[in-house]
Amino acid sequence: IDNGASSSPSSWNKNVNGYSNGSNKSQASTIAAQKSDLPVTLVKNRLVEEIKKRNTLIIIGETGSGKTTQIPQFIHEAGISGNKMIAITQPRRVAAVSIAQRVALEMNAKLGDLVGYTVRFEDTTSSLTKLKYLTDGMLLRETMTDKSLSNYSVIILDECHERTVHTDVLFGIVKKIQTSRAQTNKPPLKVLVMSATMDVDHFKQYFNDAEVLCLEGREHPVTVFHTATSQTDYVHATLVSVFQIHQSAPPNHDILVFLTGQEEIENMASKIRSVSKSPQCKGPELKVYTLYASLPSQKQMEVFRPTPTNSRKVILATNIAETSITVPGIKYVIDSGLVKQKTHHPGTGLDVLKVASISQAQAWQRTGRAGRESEGFCYRMFSEEDFRRMNKNTVPEIQRTNLASTVLTLLSLDINATSFDFMDKPPKESIGEAFHLLKDLGATETTDKVKLTPLGHKMCMFPLDPRFSRIILSASEFGCLDEVLSIVALLSAESVLQFPAHKVEEAQASHRKFQSNLGDHITLLKIFRVYNNISKKKEWCYENYLNSRNIEYAASVRDQLVDLCRRCNLTSSSCGQNLDIVRKCLIKGLFMNIAQLQRDKKYITVESRQLVSIHPSFFYLWLPTRIYPLYRTTPDIPLLYENPLRDRSCLDH
Ligand code: ADP
Ligand code: MG
């Protein structure tokens with residue numbers, strides 16, 4: 001790794017300012033001090049005046065300036081929101097949860113009273129709640145039951161630079177609600193659009209020339225290093241960099257590492273932990289934390305714990321830590337330059353979750369994480385030339401994703417996606433394909449215009465990809481609802497199978513006990529059935545190389561799905577051992593994934609005649625008749641997960 005001339009440990013150490021975590025102060029006074037120090041606090045009065053004056057306001061400020069945590073409190077304290085609620089949307093579930101917890105603490109309130117959060121499958125709000133942090137997906141769902149969002153007086157669309165599909169759709173919907181409320185003499189709806197960095201003109205134009213407020217940033221200089229050449233093994237390069245920094249930087253100068261996903265992060269965490277225990281490893285005590293969307297929230301909160309004196313924190317994160325969450329104390333950033341993102345391929349109906357290069361804008365965001373409190377350092381695991389080749393800005397998700405769910409949501413609001421006021425229009429083919437899929441699923445019919453069928457209306461009740469809502473609804477007809485709910489819940493969690501590095505074969509042998517010749521879904525179901533009948537669940541999972549945390553999560557998702565089914569008047573039913581019925585149900589939603597085996601052992605999808613392969617990393621147990629996640633054989637599209645909830649947008653809601 002080429003750290004440049006100025007980057008030898010002795011020279012970069014000189015630049016490092018002392019960092020104190022203030023751990024000896026009491027919590028309340030620490031919070032008060034932290035709050036008073038934030039850039040938004042300095043302009044509080046001006047901000048409150050502007051919010052009072054305007055119905056739409058665009059607020060831009062660097063990550064960590066206090067927008068998400070403070071501005072809703074200002075609005076509440078100034079009485080702007082009256083007796084209605086303030087909604088603050090977050091693209092990510094983890095941000096909604098951790099920020100609501102933080103704000104409740106700052107306001108000295110119990111979570112769920114004044115401050116609460118709503119994310120998919122979890123709602124902590126009550127009749128007392130005035131500040132409601134929620135995922136953009138959940139607010140979108142609320143518009144389906146309350147078309148004028150009558151419980152809210154202020155909607156804050158936060159992290160807008162992320163341009164998630166849900167945020168993009170909300171842009172159009174809140175604009176529409178604002179107008180219709182004004183026309184019908186209902187109380188006005190204030191809309192605040194907040195973002196770290198964005199194309200201000202584009203937003204201003206879309207929001208009818210709304211006022212823009214820019215908060216003064218307080219970024220310290222960050223020295224950036226690139227690798228001399230492109231890295232073929234960025235994971236190894238990252239590991240080396242962590243220890244280079246660790247062995248030479250003063251204690252309490254923490255490191256934030258950007259990686260792509262849970263598996264990579266957990267592997268890296270165990271490597272770092274084991275290397276740091278070796279007697280040759282110098283440097284202060286090393287504490288490793290992980291941060292990704294599917295991590296339970298208590299675990300996520302651990303990253304905020306101040307680093308004990310004479311130790312160092314290493315946080316391994318996905319792009320969650322890019323803008324949604326600011327961890328104090330970071331002095332070093334190591335950037336893999338990669339992100340896992342969902343891409344849709346119109347024409348095939350296939351969604352692909354693939355590791356892709358970040359944009360230059362994202363690279364700068366990540367770099368900025370090192371300069372929050374004093375000057376910092378960013379080590380990029382890619383060369384300057386790689387950087388120049390990156391896209392300048394991230395392509396909005398709406399232009400690269402499967403729109404079936406969005407089109408369905410819009411239809412339930414009586415909006416036809418083809419004429420919707422999108423800030424950036426999705427490709428025509430994606431919309432066309434979504435309509436096509438919904439029709440095939442039986443969700444829509446066309447008389448004089450496209451509208452939802454009764455089945456389509458029912459599908460809207462589930463916060464799932466329409467294909468999986470369809471499967472659940474079929475299951476109630478076929479008499480296998482219990483089984484299908486378990487399968488959908490299990491698919492929603494990260495993999496329940498575990499492969500510890502040195503025991504892959506043992507793990508495989510152990511998993512084989514559960515395998516079914518009816519396919520992977522049935523294998524998962526068998527695991528879950530045994531799990532439910534075992535009393536010492538954790539021990540059993542450990543002995544069988546299963547991830548107990550992921551199964552527990554699936555069980556809690558299942559409970560929520562059962563609840564939703566009850567609300568839709570679907571009665572519980574089981575097919576016992578007649579599991580072939582379950583497969584028939586799965587086909588009701590996943591017919592796009594049917595592929596024919598060719599003589600040359602290749603598969604071609606029946607619907608789109610696309611050459612596909614069976615996903616190599618899914619289940620490794622070879623069986624003749626199974627439903628596989630498929631992936632296109634084009635080399636640049638390596639992975640496809642067929643998963644109702646787990647894709648990035650879903651995962652976080
Ligand atoms: P912005 O939205 O402008 O990015 P935030 O309001 O999220 O800023 O954060 C403001 C500050 O509050 C950050 O510097 C962050 O370190 C701190 N903060 C946010 N959440 C927590 C938390 N859970 N624990 C400790 N500090 C937090
Ligand atoms: Mg924020």
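Start by selecting helices α5 (67-77) and α6 (93-106): each of them supplies at least two residues of the shell around ligand 1. Keep in mind as you click around that this is a predicted model.

**Stop 1: the ligand**

Stay with ligand 1 for a moment. α5 gives the most to its shell, with four residues. Now pick out Lys67, Thr68, Thr69, Arg102 and Phe304, which come nearest of the 16 residues around ligand 1. What classes of residue make up this shell? Try colouring by class: you should get four nonpolar, 10 polar and two charged residues.

**Stop 2: how confident is the predictor?**

Switch the colouring to pLDDT. The mean for the protein is 84, and 88% of its residues reach 70 or more. Then select residues 1-24, where the pLDDT is below 50; beyond near neighbours in sequence, this stretch has 36 contacts in the model. Jump along to residues 617-653. There the pLDDT also stays under 50, and the model has 106 contacts beyond four places in sequence for that stretch. For the complex, the predictor gives an ipTM of 0.98 and a pTM of 0.81.

**Stop 3: the six-stranded sheet**

Next, bring up an open sheet of six strands. In order, the strands are β9-β16-β13-β10-β12-β11, and the pairing is parallel. Which strands stand at the edges? They are β9 (222-227) and β11 (285-291); each has a single partner strand, so one side of each is left without a neighbour in the sheet. Look along the sheet and you can follow its twist, which averages 15° from one strand to the next.

Now walk across the sheet, beginning at β9. Its pairing with β16 (residues 376-383) is in the parallel sense, over five bridges. Click threonine 223 and you'll find it opposite phenylalanine 377 in β16.

Move on to β10 and β12, which pair in the parallel sense over four bridges. Here, valine 257 stands opposite leucine 316 in β12. At the β11 edge, seven bridges join β11 to β12, and these two strands run parallel. Select valine 288 to see it facing valine 314 in β12. While β12 is on screen, count its covered residues: six of its seven are buried.

**Stop 4: helices across the sheet**

Add helix α11 (residues 262-277). It lies across β11 and β12 (311-317), running at about 175° to β11. Then add helix α14 (residues 360-368), which lies across β9, β10 (254-258), β13 (330-335) and β16. Helix α14 runs at about 150° to β13.

**Stop 5: an enclosed helix**

Select helix α7 (residues 136-145). Seven of its 10 residues are buried, so α7 is largely enclosed by the rest of the structure. Which residues of α7 are buried? Highlight Asp136, Gly137, Met138, Leu139, Leu140, Arg141 and Thr143. To see what surrounds them, show β2 (85-90), β3 (115-119), β5 (131-135), α8 (165-183) and α16 (404-412): the buried residues of α7 pack against these elements.

**Stop 6: two asparagines**

Here are two residues with backbone angles to check. Asparagine 185 sits in the loop between α8 and β7 (190-195). Its phi is near 55°, a positive value in a residue other than glycine. Asparagine 252 is in the loop between α10 (234-248) and β10, and it has a positive phi of about 65° although it is not a glycine either.

Buried or exposed: which word fits asparagine 185? It has 7 C-beta neighbours inside 10 Å, so asparagine 185 counts as exposed. And asparagine 252, buried or exposed? With 20 C-beta neighbours inside 10 Å, asparagine 252 counts as buried, because 20 is enough to meet the cut-off.

**Last stop: methionine 301**

Finish in helix α12 (residues 297-301), where you'll find methionine 301. It has 15 C-beta neighbours inside 10 Å, so methionine 301 counts as partly exposed. Which residues does methionine 301 touch, not counting residues up to four places away in sequence? Select Ser98 and Gln101 to see them. For a final click, draw a distance from methionine 301 to threonine 229: the two are 72 residues apart in sequence and 36 Å apart in space, C-alpha to C-alpha.

Definitions and conventions
Residues numbered from 1 in each chain as written. Chains lettered and ligands numbered in written order. Predicted model: local features only at pLDDT ≥ 70, side-chain atom pairs only at ≥ 80, totals over all residues. Near = placed C-beta within 6 Å. Nonpolar A, V, L, I, M, F, W, Y, C, P; charged D, E, K, R; others polar. pLDDT = per-residue confidence, 0-100. Contact = placed C-beta atoms within 7 Å. Pairing = 2+ DSSP bridges. Axes fitted to C-alpha atoms, helices over the stretch in contact; angles between N-to-C directions. Buried ≥ 20, exposed ≤ 12 C-beta atoms within 10 Å, placed from the backbone.
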